[in-house]
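Subject: The structure we talked about

Hi there,

Here is the structure, with its sequence, for you to open alongside this message. My notes on what turned up in it follow underneath.

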Amino acid sequence: MRVSAKGRYALAAVIHMAQNYAAGEPITVIRISEYLGISKIYLEQVFSLLKRSKIVTSVKGSQGGYQLARMPRQITVLDVLSAVELSLFEKAEDTVPEKAPAIEAAIRSSAFDVLDHAIKSALEKITLEDLVAEAEHYQSDSAPMFYI
């Protein structure tokens, strides 16, 4: 499975938003762009898709920006990737349906359908809350240690 830059950036952006969820304040695309080092223009495209899929909501005005539409524990990696990776979860195309329908059925039911189900099942078990906890774990591991 290959996740595009759009999918990876969407995940990074919503994880950053989840890290700041408790503050209850909207976050601007510029702030996310600066924090993550991602193009503001590219992130605006990503947020358009996230908003359309109701992962984020927008707040207008001088104190505006974006907020997660639900609590981090209620948003899964599957939700985010499904919003921005339009072709990632499409069914595999038929291979040999006319000449070898039995082989086609076997490939689909024993390989492609199983793989699709496993990927979706795994991604729907991982929430933004899980990823925030994991990021904090890595942040504490890489924090400099001072000895006196």
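Lys91 and Asp113 form a salt bridge, with their closest N and O atoms 3.8 Å apart. Lys91 sits in the loop between H4 and helix H5 (101-124) and Asp113 in helix H5, so this pair ties together parts that are 22 residues apart in sequence. Please keep in mind that this is a predicted model.

Lys91 has a second partner as well: its side chain meets that of Asp116 in a salt bridge, at 4.0 Å from N to O. Asp116 is also in helix H5, so with Lys91 in the loop between H4 and H5 this pair ties together parts that are 25 residues apart in sequence. Salt bridges that share partners thus join Lys91, Asp113 and Asp116 into one network.

How exposed are the members of that network? Lys91 counts as exposed, at 56% relative accessibility. Asp113 counts as partly exposed at 28%, and Asp116 counts as partly exposed at 21%.

Another salt bridge links the loop and the helix: the side chains of Arg108 and Asp94 meet at 2.9 Å, N to O. Here Arg108 is the residue in helix H5 and Asp94 the one in the loop between H4 and H5, so the pair ties together parts that are 14 residues apart in sequence. Arg108 is buried, with a relative accessible area of 19%, while Asp94 is partly exposed, with 49%. In total, the structure holds 6 salt bridges, and the ones I describe here are among them.

Now for a charged residue without such a partner. Glu85 is found in the loop between H4 and H5. Glu85 is buried yet has no salt bridge. Which side chain of opposite charge is nearest to Glu85? That is Arg8, 6.6 Å away; a salt bridge would need a nitrogen and a carboxyl oxygen within 4 Å. What Glu85 does have is a polar atom of its side chain lying 3.2 Å from the backbone nitrogen of Gly7. Leaving aside neighbours within four places in sequence, Glu85 is in contact with Val3, Ser4, Lys6 and Gly7.

On to the helices, beginning with H2. Its buried residues are Val29, Ile32 and Ser33. Seen down the axis of H2, these buried residues fall within an arc of 100°, so they line one face of the helix. An α-helix has 3.6 residues a turn, so residues three or four places apart point the same way. On the other side of H2, Glu34 and Tyr35 are exposed. The cover over the buried residues of H2 includes H1, H3 and S2. Just after H2, Gly37 takes a positive phi of about 70°.

Ser33 deserves a second look. This serine of helix H2 counts as buried, at 11% relative accessibility. A polar atom of the Ser33 side chain lies 3.4 Å from the backbone nitrogen of Lys40. Not counting residues up to four places away in sequence, Ser33 touches Ile38, Ser39, Lys40 and Leu43.

Two of those contacts, Lys40 and Leu43, lead us into helix H3, which covers residues 40-52. H3 has 13 residues and reaches 18 Å from its first C-alpha to its last, close to the 18 Å expected at 1.5 Å a residue. Which residues of H3 are buried? They are Leu43, Val46, Phe47, Leu49 and Leu50. These residues cover an arc of only 160° around the axis, which puts them on the same side of H3. Ile41 and Arg52, on the other side of H3, are exposed.

What covers the buried residues of H3 includes helix H1 (5-19), helix H2 (29-36), strand S1 (56-59), strand S2 (65-68) and helix H4 (77-84). At the start of H3, a side-chain oxygen of Ser39 reaches to within 3.3 Å of the backbone nitrogen of Ile41. H3 is followed by Lys54, which has a positive phi, near 60°.

Happy to look through any of this together with you.

Best wishes

Definitions and conventions
Residues are numbered from 1 along each chain as its sequence is written. This is a predicted model: local features need pLDDT of at least 70, side-chain atom pairs count only at pLDDT 80 or more; totals for chains, interfaces and linings use all residues. Side-chain values use heavy atoms; hydrogens and water are left out. Helices (H or I, at least four residues) and strands (E, at least two) are DSSP runs, numbered from the N terminus. The expected span of a helix is 1.5 Å times one less than its number of residues. Buried means under 20% relative accessible area, exposed over 50%, partly exposed in between (1.4 Å probe, protein chains only). The arc is that of the directions from the helix axis to the C-beta atoms. Contact means heavy atoms within 4.5 Å. A polar contact is a pair of N or O atoms within 3.5 Å; within protein, one must be able to donate a hydrogen and the other to accept it, and residues adjacent in sequence count only if both atoms are side-chain atoms. Lys and Arg count as positive and Asp and Glu as negative; His and the chain ends are not counted.
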